[in-house]
Amino acid sequence: MPVLPDRSTRHSTLAMALRTAALVNALADPAAGPGEIAAVLLAHGEPAPVEVSAEDVTLMRAAAVHLREVFAAGSADEAAALLNSLLGAHTGPLRLTSHGGTAPWHPHTDADDDAPWTPWFLASGCLALTVLLWDRQAPPGRTCASPACGNVFVAHGSGPERRYCSRRCATRERVAAHRRSRTPTAPGAG
């Protein structure tokens with residue numbers, strides 16, 4: 001998972017989208033608690049200390065379900081409809097902030113710089129995914145094609161469309177397919 005910790009890039013659209021995907025994936029784990037979620041936030045450039053409560057995790061987990069739907073959208077139209085619904089329900093006016101000079105200027109659509117984790121997560125995630133859809137005219141992300149995984153990932157860059165969240169998942173599926181192709185079928189089967 002590429003993390004962009006540099007001061008000038010940690011608020012980029014790509015960095016925010018990668019953070020959104022990492023949080024959606026972490027929150028899908030029912031065992032993930034405040035420590036694990038805080039670690040994801042720190043890994044994606046949130047300044048320490050990051051204080052996340054059990055209630056924050058519960059509320060963020062519910063929000064992650066909605067953002068996962070955007071990643072799973074099969075078309076730009078479907079992703080746009082989902083994002084428009086989330087933007088209408090969970091964001092406010094677009095504004096710029098530098099968090100009192102502690103960060104580069106970047107957009108926010110949450111209520112204020114001290115918004116609770118869940119509104120911030122929904123607003124920043126929606127904003128990043130919206131800009132990616134706008135820029136690429138395609139869904140901003142995908143769900144890993146490996147049945148054993150289910151993680152979401154940000155679809156970016158040139159080249160063929162990615163199907164897997166990581167090389168590890170792609171390799172695992174390629175090896176499994178190879179093994180299946182080399183397994184002899186029983187007589188009468190098939």
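What pattern does the chain follow when read along the sequence? In this predicted model, the order is α-α-α-α-β-β-α-β-β-α. That amounts to 6 helices and 4 strands. If you like to start with the overall dimensions, the C-alpha atoms fill a box of roughly 70 × 35 × 30 Å along the principal axes. Of the 190 residues in the chain, 40% are buried. Among contacts with a separation of 6 or more, 52% are made by residues 24 or more positions apart.

Let us begin with a pair of helices. Two packed helices are described by the angle between their axes and the distance between the axes. Here, the axes of helix H4, residues 76-90, and helix H5, residues 117-136, come within 10 Å and cross at roughly 150 degrees. The crossing of H4 and H5 is left-handed. On the H4 side, the contact is made by Ala-76, Ala-79, Ala-80, Leu-83, Leu-86, Leu-87 and His-90. H5 contributes Leu-122, Ala-123, Cys-126, Leu-129, Thr-130 and Leu-133. Sorted by character, the residues of this contact comprise 11 nonpolar and 2 polar ones, with no charged residue in the set.

Stay with H5 for a moment and look at its tryptophans. A search of the whole structure turns up 1 aromatic pair, and its partners are Trp-117 and Trp-120. Their arrangement is edge-to-face, with 5.2 Å from centre to centre and 80 degrees between the planes. Both residues lie in helix H5, 3 residues apart, which is about one turn of the helix. Are these two side chains buried or exposed? Trp-117 has a relative accessibility of 18% and counts as buried, because the cut-off for that class is under 20%. Trp-120, at 8%, counts as buried too.

Now move to the strands, starting with Thr-97 in strand S1, which covers residues 95-97. Thr-97 is buried, with a relative accessible area of 5%. Its side chain makes a polar contact of 2.6 Å with the side chain of Asp-113. Leaving aside residues up to four places away in sequence, Thr-97 touches Pro-104, Trp-105, His-106, His-108 and Asp-113.

One of those neighbours, His-106, deserves its own visit. His-106 lies in strand S2, residues 106-108, and is buried with a relative accessible area of 5%. Which side chain does His-106 join through a polar contact of 3.1 Å? The partner is the side chain of His-99. In addition, a polar atom of the His-106 side chain lies 2.8 Å from the backbone oxygen of Pro-104. Beyond four places in sequence, His-106 touches His-11, Arg-95, Leu-96, Thr-97 and His-99.

Our last stop is a loop. Gly-150 sits between strand S3, residues 141-143, and strand S4, residues 152-154. With a relative accessibility of 27%, Gly-150 counts as partly exposed, since that class runs between the 20% and 50% limits. Once residues up to four places away in sequence are set aside, Gly-150 touches Arg-68, Thr-143 and Cys-144. For a sense of distance, take Gly-150 and Leu-132: they are 18 residues apart in sequence, and their C-alpha atoms are 21 Å apart in space.

Conventions: Residues are numbered from 1 along each chain as its sequence is written. Side-chain values use heavy atoms; hydrogens and water are left out. Axes are lines fitted to C-alpha atoms, for helices over the stretch in contact, and angles run from 0 to 180 degrees between N-to-C directions. Helices (H or I, at least four residues) and strands (E, at least two) are DSSP runs, numbered from the N terminus. A crossing is left-handed if the near helix is turned anticlockwise from the far one by less than a right angle, and right-handed if clockwise. Contact means heavy atoms within 4.5 Å. Ala, Val, Leu, Ile, Met, Phe, Trp, Tyr, Cys and Pro count as nonpolar, Asp, Glu, Lys and Arg as charged, and the others, Gly among them, as polar. Buried means under 20% relative accessible area, exposed over 50%, partly exposed in between (1.4 Å probe, protein chains only). A polar contact is a pair of N or O atoms within 3.5 Å; within protein, one must be able to donate a hydrogen and the other to accept it, and residues adjacent in sequence count only if both atoms are side-chain atoms. Rings of Phe, Tyr and Trp (its six-membered ring) pair if their centres lie within 6.5 Å; planes under 30 degrees apart count as stacked, over 60 as edge-to-face and the rest as tilted.
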